[in-house]
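Colleague: Before I use this model, I would like to go through the labels attached to it and the grounds for each.

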Amino acid sequence: MQNIVPMTRPALELRTGQHLTLTPQLQQSIRLLQLSTLDLQAEISQALADNPMLERNDERSEAEVDAPTEREADIDAEPAREAETRIDEMPGAGGVYPDDRPDGPDTARSDTLREHLLAQLGLTRAGRRDAALVSLLIDELDENGYLASPLEEILEWLPPEAEADLDELRAALCLLQSFDPPGIGARDMAECLVLQLRNPDPSRLPEAADPTVLACARRLCADHLPLLAGGNAARLRDALQCDDATARAAHALIRRLDPRPGRAWTVPAADYAVPDVIVRKTRQGWQAVLNSAAVPRLQVNTLYAQLLGNQREASHAGLHAQLQQARWMIRNVEQRFDTILRVAQAIVAHQSAFFSEGPAAMRPLILKDIAGELGLHESTISRATTQKYMLTPFGTLELKHFFGSGVATDAGDVASATAVQAVIRQMVAGEDRAKPLSDNQITQRLADQGIVIARRTVAKYREALRIAPASLRKAHAGR
């Protein structure tokens, strides 16, 4: 008898449920908010290239130019002298780093370092084989003029039919190291400095005119650079077996040398930050406004939009989708800057003392405070403050700079970590250089001001400020 297995019949079943999904528009809004201003410009440029429905609107009518923007209309301007200050005239407007100067020592030359060295190679009497090896080494130099790879490793790259050996590469390197600038082709900093002291120019290096000082400087560069960095003058004199005056003169000679001989031919990377927000002093106090130069002006292509009109043919479905995408882009860009402005205004309201008195008046502030005040999620505040910059009277600062934990004081108040760091910087700047303040002394002075923190916290803040320990500061002060 066979067993008969009943077969199940297919059936349809309806179930109700809820789940969260991110629409394409919301995904785009989140992505645009977390982009920096430069990345946003690149994103918009790509959207303009891909979508004919989207275009820039860089022209402003005369009425729009003369009239203040909707946000600026609420701000009563100060006298004309203060209100008409240009962005590029404000402190820090040139970039995050105030030392960015077009005429500084790092200004790049018109020719490259490779071209400069190859031109000198062409003036030598080197044979074709030697010239080829020198050219190979030139191609291995990094942006500072150092040989980036060991000679043994370079030798392994050469094909067997070249029949090159290590001695030939060493001879080629010696020829390269005789070129201008002095120190080129060095394999480390010690060799770079020794090369510059091989045939020094007394007009540029006056200390080198003394043979004793020159010999001392050569020994120091070749064998005792770590000891020099340690700042122990007594041990350094014992190692060099010279008197204090000679050691000081040798150190002064070394400080005139260039540890990066190739930097004059290096195009420096742009470290500029475009401020998204500008803080201005008004009669009502400090106010944040958007930097109009950073806000892209987008619009839908009116001609294409009119041609589409109310046409709903299937053949135009792609154009209708691009039109919708253009509108999303415009709306999300506007929402991005509205969010940044709201966050910036809240930060200015909390940190108004900073804009009047400086970093020492910074108050503790966390993302949760701004999020609760604006009714936004902390992740939104984080995206709105990362790589977004504010032009202030104290330079261009990232919005993240205004957030920090608090340190309790004896008076029951709370001081921000940034304010404590500013106090430490002021203490070190005003100390007696012959008797610099130790971390324990700084801790005690902070306690006298009502700021009680541990010595290790002082050390952490000092290192964050790139301030050397007291022993090194004393050693450098004695030179």
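Colleague: What makes L303, Y304 and L307 a nonpolar patch on the surface?

Modeller: A patch takes residues with over 30% relative accessible area and no salt bridge (a side-chain nitrogen of Lys or Arg within 4 Å of a carboxyl oxygen of Asp or Glu). Like charges are joined within 9 Å, and nonpolar side chains (Val, Leu, Ile, Met, Phe, Trp, Tyr) within 5 Å. L303, Y304 and L307 form such a nonpolar patch, with about 310 Å² of accessible area together; areas come from the Shrake-Rupley method with a 1.4 Å probe, and for residues only the protein chains shown count as cover.

Colleague: Why is Y304 called partly exposed?

Modeller: Buried means under 20% relative accessible area, exposed over 50%, and partly exposed in between (1.4 Å probe, protein chains only). Y304 has 37% relative accessibility, so it counts as partly exposed. Y304 is found in helix 14 (residues 302-308); helices are DSSP runs of H or I with at least four residues, strands are runs of E with at least two, and both are numbered from the N terminus.

Colleague: How do you know how far the model can be read?

Modeller: This is a predicted model, with residues numbered from 1 along each chain as its sequence is written. Local features need pLDDT of at least 70 and side-chain atom pairs count only at pLDDT 80 or more, while totals for chains, interfaces and linings use all residues, and side-chain values use heavy atoms, with hydrogens and water left out. pLDDT is the predictor's confidence in each residue, from 0 to 100. The chain averages 80, and 79% of the residues score at least 70. Over residues 61-108 pLDDT stays under 50.

Colleague: What makes the largest nonpolar core a core?

Modeller: A nonpolar core is a set of buried Ala, Val, Leu, Ile, Met, Phe, Trp, Tyr and Cys residues joined through side-chain atoms within 4.5 Å. The largest has 44 residues, and F355, I370, M390 and F402 have the most contacts inside it. Helix 15 (residues 317-350) gives the largest share of this core, 13 residues.

Colleague: Why is Q241 singled out, and is it buried or exposed?

Modeller: Most residues other than glycine have a negative phi. Q241 is not a glycine, yet its phi is positive, about 55°. With a relative accessible area of 71%, Q241 is therefore exposed.

Definitions and conventions
Contact means heavy atoms within 4.5 Å.
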